[in-house]
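Here are a few notes from my read-through, set out as numbered points. I hope they are handy to have beside you while you turn the model around on screen.

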Amino acid sequence: MSLEDDAHLLETVGDDHPILTTVGIAAVAAGVLMVVNPGFASLIGTGYFAVTMVGLLALVQGLRIARARKETDVEGVETPDVETVETMPTPGGEFDEQVAALNSGPRRESIRKRRQLRETLEAEALAAVARRENCSREEAEEMLRAGTWTDDPHAAAFLGGADAPRPPIRDRLRLAVSTQSLFQHRVRRTADAVALAADPDAKRREAGATEENDE
């Protein structure tokens with residue numbers, strides 16, 4: 001691009017700093033001439049005058065930038081609010097709260113809640129066992145009464161009949177000094193047994209995840 005083209009471009013787009021622009025164009029032109037004709041560089045020299053001119057140009061440019069920064073209204077950039085993680089309910093949290101509240105409140109209300117919890121667990125256990133064993137509902141009911149649907153004696157006794165397995169005496173003694181009642185303990189154990197019956201591979205996946213974490 002020639003100097004005439006530069007001048008025409010400045011006239012077209014406008015120029016807020018004609019002096020600096022002229023000096024810049026002259027410096028570029030001098031650089032081009034030095035590349036085309038290296039002998040031109042010896043005419044300029046690097047004495048006191050050249051160093052002084054470069055320093056003055058740098059000073060003017062620095063003052064111009066400082067003035068432009070001072071006149072601007074922008075003091076900073078407001079960043080958007082940090083996204084917060086939405087709190088999600090813990091799976092089984094509502095069930096745990098119901099079990100924990102069994103020992104509080106009027107006795108009649110506590111009995112009603114216990115009956116509802118047992119009926120809910122029995123219905124879920126019937127559906128899970130029937131699906132797991134691919135059997136009828138009547139056959140699943142027979143397995144619940146006999147306590148053969150689970151290896152957990154607490155869950156078997158909770159939903160089973162008189163002939164269902166009973167928890168060992170040492171477990172009863174341990175629960176006697178525990179903060180949770182025998183009913184609360186059996187409800188929790190039965191819920192775990194029902195979850196395992198509904199998803200037999202869950203325990204194997206949990207064991208695999210534990211082994212990976214240990215490694």
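1. Just after α7, glycine 147 has a positive phi of about 75°. Please keep in mind that this is a predicted model, here and in the points that follow.

2. Now the helix before that glycine. Helix α7 covers residues 137-146, and its buried residues are Ala140, Met143 and Leu144. Viewed down the axis of α7, these buried residues fall within an arc of 100°, so they line one face of the helix. What do the buried residues of α7 pack against? Their partners are α6 (107-133) and α8 (153-159).

3. The first of those partners deserves a closer look. The axes of α6 and α7 cross at roughly 115° and come within 9 Å. An angle of 65 to 115 degrees counts as roughly perpendicular, so that is how α6 lies with respect to α7. The crossing in which α6 passes α7 is right-handed. On the α6 side, the contact is made by Glu122, Ala125, Leu126, Val129, Ala130, Arg132 and Glu133; α7 contributes Arg137, Ala140, Glu141, Met143 and Leu144. By class, the residues of this contact of α6 with α7 are seven nonpolar and five charged, with no polar ones. Ala140, Met143 and Leu144 appear in this contact and are also the buried residues of α7.

4. A second helix pair is worth selecting in your viewer. Helix α5 (residues 93-100) and helix α10 (residues 182-198) have axes that come within 10 Å and cross at roughly 160°. Are they roughly parallel or antiparallel? Angles over 145 degrees count as roughly antiparallel, and α5 and α10 are therefore roughly antiparallel to each other. Here, too, the crossing is right-handed, with α5 passing α10.

5. For the residues behind that pairing, look at Phe95, Asp96, Val99 and Ala100 in α5. They meet Gln184, Val187, Arg188 and Ala191 in α10. The contact of α5 with α10 divides by class into five nonpolar, one polar and two charged residues.

6. Finally, the chain as a whole. How many helices and strands does the protein chain have? There are eleven helices and zero strands, so to speak an α at every step of the pattern α-α-α-α-α-α-α-α-α-α-α. Of its 215 residues, 20% count as buried. Among contacts in the protein chain with a separation of 6 or more, 45% are between residues 24 or more positions apart.

Technical notes:
Residues numbered from 1 in each chain as written. Predicted model: local features only at pLDDT ≥ 70, side-chain atom pairs only at ≥ 80, totals over all residues. Heavy atoms only, no water. Buried < 20%, exposed > 50% of the residue type's maximum accessible area, 1.4 Å probe, protein only. Helix = DSSP H or I, 4+ residues; strand = E, 2+ residues; numbered from the N terminus. Arc of directions from axis to C-beta. Contact = heavy atoms within 4.5 Å. Axes fitted to C-alpha atoms, helices over the stretch in contact; angles between N-to-C directions. Parallel < 35°, antiparallel > 145°, perpendicular 65-115°, else oblique. Left-handed = near helix turned anticlockwise from the far one by under 90°. Nonpolar A, V, L, I, M, F, W, Y, C, P; charged D, E, K, R; others polar.
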